[in-house]
Amino acid sequence: MENLNNNTMTEEIIIAGFGGQGVLSMGKILAYSGIMQDQEVSWMPSYGPEMRGGTANVTVIISDDRISSPYLKVYDTAIILNQQSMDKFEETVKPGGILIYDPNGITHHPTRTDIKIYQIEGNKLANEMGNRKISNMVILGGYLKVKPIMKLDNVIEGLKKSLPERYQHLIPLNKDAITTGMNNVTLFKVSEKAPLS
Amino acid sequence: MSELKLMKGNEALAEAAIRAGADAYFGYPITPQSEVIEYLMAQRPEKRTGMVVLQAESEVAAINMVYGAASTGKRVMTSSSSPGISLKLEGISYLAGAELPAVIVNVVRGGPGLGTIQPSQADYFQSVKGGGHGDYKLYVLAPASVQEMSDFVEDAFDIAFKYRAPVLILSDGLIGQMMEKVNLKDQKPRMKDEELIKRYNHWAVTGKKGRERNIITSLDLQSEKMEARVRRLMKKYKQMEEEDLRFEKINCDDAEYLIVAYGSSARIAQKAVELARDKGIKVGLLRPITLFPYPKQQLFELADQVKGILSVELNAGQMVEDVKLAVQHKVPVEHFGRTGGIIHTPEEILEALEQKIIKNGSIRHHKTRESSIL
């Protein structure tokens, strides 16, 4: 929701995809980055049966103010990584909000015209970089390009905090992935591919 | 100096137990609270502070280990989720009867039975209306954030030892599983045996050298003595009500309608209050932080100010009974809540408030009765 005080920001995000695509860790890095900027954060995952081989999603809220509900019905931004999540969450983006998705595996593209829609080839670009595990960082980069709520430095600090000791050497690779995502995110025009129905 | 971290509620609670100088944790894993014992095991608290962390063979064993350790004046904690707490209730009743300090944590999931592993607040009755057998109550703290999952551990130990009574931290799968920023308190040293003996020698089993023996039991076959024990318990509960009630009032000053909610529901309801105020509806939120003692007087007074009250809980209607008792028919009181592990959204809460309270809010009780007679 909009804050009464115009100087403060609140960003309510849903990140959704298959378990194993790095949905929860992308959310965790965003949350840690928020802490690096002295903001309030919440990270509310789906847990349990949904996670096991099915869809995983996490609600992340970054705010200058105390966060009330960590659980939401509508979001400023949806980051979508598979078709099931597209079917479930496209309608939950607030009018004027942002939907950003990886077209890999998407057969029914989004159709809404009252939101801004972006594509980021996370899976493809990560494969080209030689490590498909960093596709979530490519997508995060795409998101940060269209919604620059974080300074890159703070994201890197957030990464350092959220990665375990044994993965700290992968920080430069993750940084490259974020930059790649920033450089390759494209606006998606609904009229081009919208189904007739 | 405190330490800032991003943690799950369950992890923050476990870390807080170590830092509060707890002597022991006995538990048995169950979703959605298994992170408590996982985190404790991973932290090797036996190395950090000498704290004992043990996975018992069952919930029943765990609560009886708590009974044994608490008998010696040690600071001891256990945790579980709903079905596991049901198993522990016999032991909890014994702890209350034997007047032992202990901290019990319930990260609630949906029931009845095995139910679901998703969040719920359906253990309200179990927590505040006894649960186990006999005339006893638990002091019940209901955290609504990861920070409170951390802070309430030490608070719970303080209360447990102040009254020599078991204290329940009533959380749920939402607060347990979510991550938020948390300020961790400094490490407190565990109490040394000499200090413990000095403080608790009058009741604890510390070795009877130089004094009469202390007997820890909940059994008293002499009726007069047993009644005296029950009266002593009731006196404690009355003192808890007088000295240790906790609640939070949010946007209540000019409120025309009131939502009452605790724990995770209070967080979601607070957003509903924000949405309502954006629409120009003056709604306030009363958040009981302790569920026993309950903010009865505060509700009784707020009922003079507001036109109606909605009790929002992740259950089929439990706390609403306490709200009604407190309000004493001054204004309409209704319940709203989802069950089965479904979490209500802020929008749903606002819709329920509008339909159940605001639309019917002007109809006073006597009119309702008249219409029902017709």
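# A sheet shared by two chains

At 19% relative accessibility, Glu248(B) counts as buried. This residue, in a model that is predicted, forms a salt bridge with Arg287(B), with N and O atoms 2.8 Å apart. Glu248(B) belongs to strand β9 (residues 247-250) of chain B and Arg287(B) to strand β11 (residues 283-288) of chain B, so the contact ties together parts that are 39 residues apart in sequence. Arg287(B) is likewise buried, its relative accessible area being 6%.

Two further salt bridges of chain B may be considered beside this one. Arg19(B) pairs with Glu3(B), and their closest N and O atoms are 2.8 Å apart. Because Arg19(B) lies in helix α1 (residues 9-19) of chain B while Glu3(B) lies in strand β1 of chain B, this bridge ties together parts separated by 16 residues in sequence. Arg19(B) is buried, at a relative accessible area of 13%, whereas Glu3(B) is partly exposed, at 34%.

The other joins Lys188(B) to Glu154(B), at 2.4 Å from N to O. Here, too, distant parts of the chain are linked: Lys188(B) sits in the loop between β8 and α9 (193-200) of chain B, and Glu154(B) in helix α7 (residues 146-163) of chain B, 34 residues apart. Glu154(B) is buried, with 12% relative accessibility, but Lys188(B) is partly exposed, with a relative accessible area of 40%. Over all chains the count of salt bridges comes to 37. Elsewhere, a network of salt bridges links residues of both chains, namely Glu12(A), Asp76(A), Lys94(A) and Lys271(B).

The sheet comes next. Nine strands form an open sheet with mixed pairing, in the order β7(A)-β6(A)-β5(A)-β4(A)-β1(A)-β3(A)-β2(A)-β8(B)-β1(B). Its edges are β7 (186-187) of chain A and β1 (3-8) of chain B, each of which pairs on one side only.

Where do the strands of chain A meet those of chain B in this order? The order places β2(A) next to β8(B), and these two strands pair in the antiparallel sense over two bridges. On its other side, β2(A) pairs with strand β3 (residues 55-63) of chain A, again antiparallel, over six bridges. Trp43(A) takes part in both pairings: this residue stands opposite Val60(A) in β3(A), and its bridge partner in β8(B) is Met179(B). Strand β2 (residues 40-45) of chain A has five of its six residues buried, so this strand is largely enclosed by the rest of the structure.

Met179(B) is also the bridge partner of Lys8(B). Strand β8 (residues 179-184) of chain B runs antiparallel to β1(B), and six bridges join the two.

On the chain A portion of the sheet, helix α4 (residues 135-146) of chain A lies across β1 (10-18), β4 (75-80), β5 (93-101) and β6 (116-119). The helix runs at about 145° to β5(A).

Helix α4(A) also contributes to the lining of the largest pocket. This pocket holds about 980 Å³ of space and is lined by 37 residues. Gly20(A), Gly22(A), Ser25(A), Lys133(A) and Asn136(A) are the lining residues nearest its centre. The elements giving two or more residues to this lining are α1 (23-36), α2 (83-89), α4, α5 (152-162) and α6 (171-184) of chain A. Of these, α1(A) gives the most, with five residues.

Notes:
Residues numbered from 1 in each chain as written. Chains lettered and ligands numbered in written order. Predicted model: local features only at pLDDT ≥ 70, side-chain atom pairs only at ≥ 80, totals over all residues. Heavy atoms only, no water. Pairing = 2+ DSSP bridges. Helix = DSSP H or I, 4+ residues; strand = E, 2+ residues; numbered from the N terminus. Contact = heavy atoms within 4.5 Å. Axes fitted to C-alpha atoms, helices over the stretch in contact; angles between N-to-C directions. Salt bridge = Lys/Arg side-chain N within 4 Å of Asp/Glu carboxyl O. Buried < 20%, exposed > 50% of the residue type's maximum accessible area, 1.4 Å probe, protein only. 1 Å grid on protein atoms, 1.4 Å probe; cavity = no way out; pocket = protein on both sides within 12 Å on 5 of 7 lines; lining within 4 Å. Points joined across faces, edges and corners; volume = space filled by probe spheres on them.
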